[in-house]
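This report examines one part of a protein model, moving from an enclosed space to the strands around it. Please keep the sequence and the structure in view while reading.

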Amino acid sequence: AAGILGCGAFPPTSAVLPACAARRRRVAAVGAAGRPFYPLPLARPASGIGIGHRASGERERTLSHRAAQLPSSNAPSFIAAADAGAREGEMKLTDNVLRSFRVAKVFRENNDKINCFDFSPNGETLISSSDDDSIVLYDCQEGKPKRTLYSKKYGVDLIRYTHAANTVVYSSNKIDDTIRYLSLHDNKYIRYFHGHSKRVVALCMSPVDDTFMSSSLDKTIRLWDLRSPNCQGLMHLQGRPTCSFDPEGLIFAAGVNSEIIKLYDLRSFDKGPFATFKMQHERTCEWTGLKFSNDGKLMLVSTNGGMVRLIDAFKGAVLQTFGGFNNSKGISLEASFTPDSQFVMIGSEDGKVHVWNAESGLKVAVLDGKHTGPVSCLQFNPKFMTFASACSNMAFWLPTIDD
């Protein structure tokens with residue numbers, strides 16, 4: 001099921017690399033032999049001031065005051081900060097490194113579109129869901145599929161890891177719109193979460209506890225706790241909603257009607273949003289996704305059109321609008337940040353992956369993944385120097401140069 005298309009072992013971002021010639025020999029040997037790859041970790045992020053700190057007793061401060069406390073734009077990125085004392089020759093996630101990414105392995109485990117995938121918090125595994133009703137578990141360190149489960153009766157649409165490595169929650173696309181809590185260990189359901197009356201279009205797990213959140217075409221956002229089948233919070237909204245937790249798990253954002261972002265304190269969301277950002281209404285497309293950057297300073301709005309918007313999480317200003325990728329059929333394409341919050345990535349209708357520098361807005365690369373259909377799912381591994389993209393096939397990518 002896996003075909004080696006060339007590339008080597010996962011290069012490190014925070015480990016000293018050997019001499020160039022020896023490194024090229026090693027990369028060529030691993031790629032040619034098709035041996036498993038063993039990724040080394042990304043540099044650890046430096047601590048920063050994220051949007052979530054507003055929800056920890058600082059809500060009386062205004063947005064402008066809070067934004068004024070941000071580090072200057074000349075401050076080092078978290079990768080640069082983490083590597084500040086590193087020796088020369090260490091690899092970092094740069095423009096040139098991103099341009100060098102190539103597909104290292106392709107998996108053809110599915111016979112229909114892959115709807116969603118999610119990396120485990122430790123980055124060691126990835127789980128995917130597909131319209132063929134399958135759930136496929138991949139080993140990201142050895143680059144191979146580990147196990148396939150099926151949800152033939154209920155179907156499987158969006159899927160997310162919980163904080164336990166062997167459990168997931170997923171939304172259904174057959175019979176009803178119930179969210180199911182599944183044990184991968186014994187392939188048994190732990191709990192059902194009933195409530196949505198139409199398709200679930202966003203599903204996100206809190207980064208800090210057992211809370212998770214879902215939004216639906218029934219124009220509601222629901223808060224849940226894995227330990228209880230009962231809905232913990234319900235919000236009725238106008239228009240299609242999308243939602244996301246901030247990286248500190250203190251607040252959540254709700255995107256409403258493709259023109260408004262509302263920020264809520266998770267502990268007192270029933271009191272209403274503490275910040276509301278109104279954008280220009282999208283006339284040609286709908287918002288389909290909302291994500292925070294890992295440093296909590298940016299938000300990324302995905303659409304079913306030919307644009308992605310980068311938003312200042314403190315002020316609500318549109319910082320960048322990324323375009324120039326194919327999406328003529330109105331597909332929901334997943335946009336993602338790299339773990340260092342410096343780059344934005346998205347797939348396209350023609351099977352290519354587009355990469356931009358978040359600060360400058362300049363396009364860094366267009367990568368050809370040889371996908372046979374639209375790349376609707378794309379995420380960078382949270383811990384290792386690799387990313388994945390999917391149509392009906394799953395592709396794992398590796399960089400091929402030293403930097």
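In this predicted model, the second largest cavity is lined by Ile127, Ile135, Leu137, Arg147, Leu149 and Leu184. The volume of this cavity is about 30 Å³, and the structure holds 2 cavities of 30 Å³ or more. Sorted by class, the lining consists of 5 nonpolar residues and 1 charged residue, with no polar ones. Strands E5 and E6 each contribute at least two residues to the lining of the second largest cavity.

Strand E5 deserves a closer look. How many of the residues of strand E5 are buried? The strand covers residues 134–139, and 6 of its 6 residues are buried, so E5 is largely enclosed by the rest of the structure. In a regular strand, side chains alternate between the two faces of the sheet. Both faces of E5 are covered. On one side, Ser134, Val136 and Tyr138 are buried, and on the other side Ile135, Leu137 and Asp139 are buried as well.

E5 has strand E4 and strand E6 as antiparallel partners. The table sets out the two pairings.

| Pair | Partner strand | Bridges | One bridge pair | Residues between the strands |
|---|---|---|---|---|
| E4 and E5 | E4, residues 125–130 | 5 bridges | Leu126 and Tyr138 | 3 residues |
| E5 and E6 | E6, residues 144–150 | 6 bridges | Ile135 and Leu149 | 4 residues |

Both pairs form hairpins. In the turn between E4 and E5, Asp133 has a positive phi of about 75°. In the hairpin of E5 and E6, a positive phi near 65° is found at Gly143. The bridge partners Ile135 and Leu149 both belong to the lining of the second largest cavity.

Gly143 lies in the loop between E5 and E6. Is Gly143 buried or exposed? Its relative accessibility is 1%, and therefore Gly143 counts as buried. Gly143 and Ala395 are 252 residues apart along the chain, while their C-alpha atoms are separated by 9.9 Å.

A final point concerns cysteine. A disulfide is a covalent bond between the sulfur atoms of two cysteines. The structure holds 0 disulfides. Two cysteines may be described by their accessibility. Cys231 counts as partly exposed because its relative accessibility is 27%, whereas Cys285 counts as buried because its value is 7%. The cut-off behind these labels is that buried means under 20% relative accessible area.

Notes: Residues numbered from 1 in each chain as written. Predicted model: local features only at pLDDT ≥ 70, side-chain atom pairs only at ≥ 80, totals over all residues. Heavy atoms only, no water. Disulfide = S-S within 2.5 Å. Buried < 20%, exposed > 50% of the residue type's maximum accessible area, 1.4 Å probe, protein only. Pairing = 2+ DSSP bridges. 1 Å grid on protein atoms, 1.4 Å probe; cavity = no way out; pocket = protein on both sides within 12 Å on 5 of 7 lines; lining within 4 Å. Points joined across faces, edges and corners; volume = space filled by probe spheres on them. Nonpolar A, V, L, I, M, F, W, Y, C, P; charged D, E, K, R; others polar.
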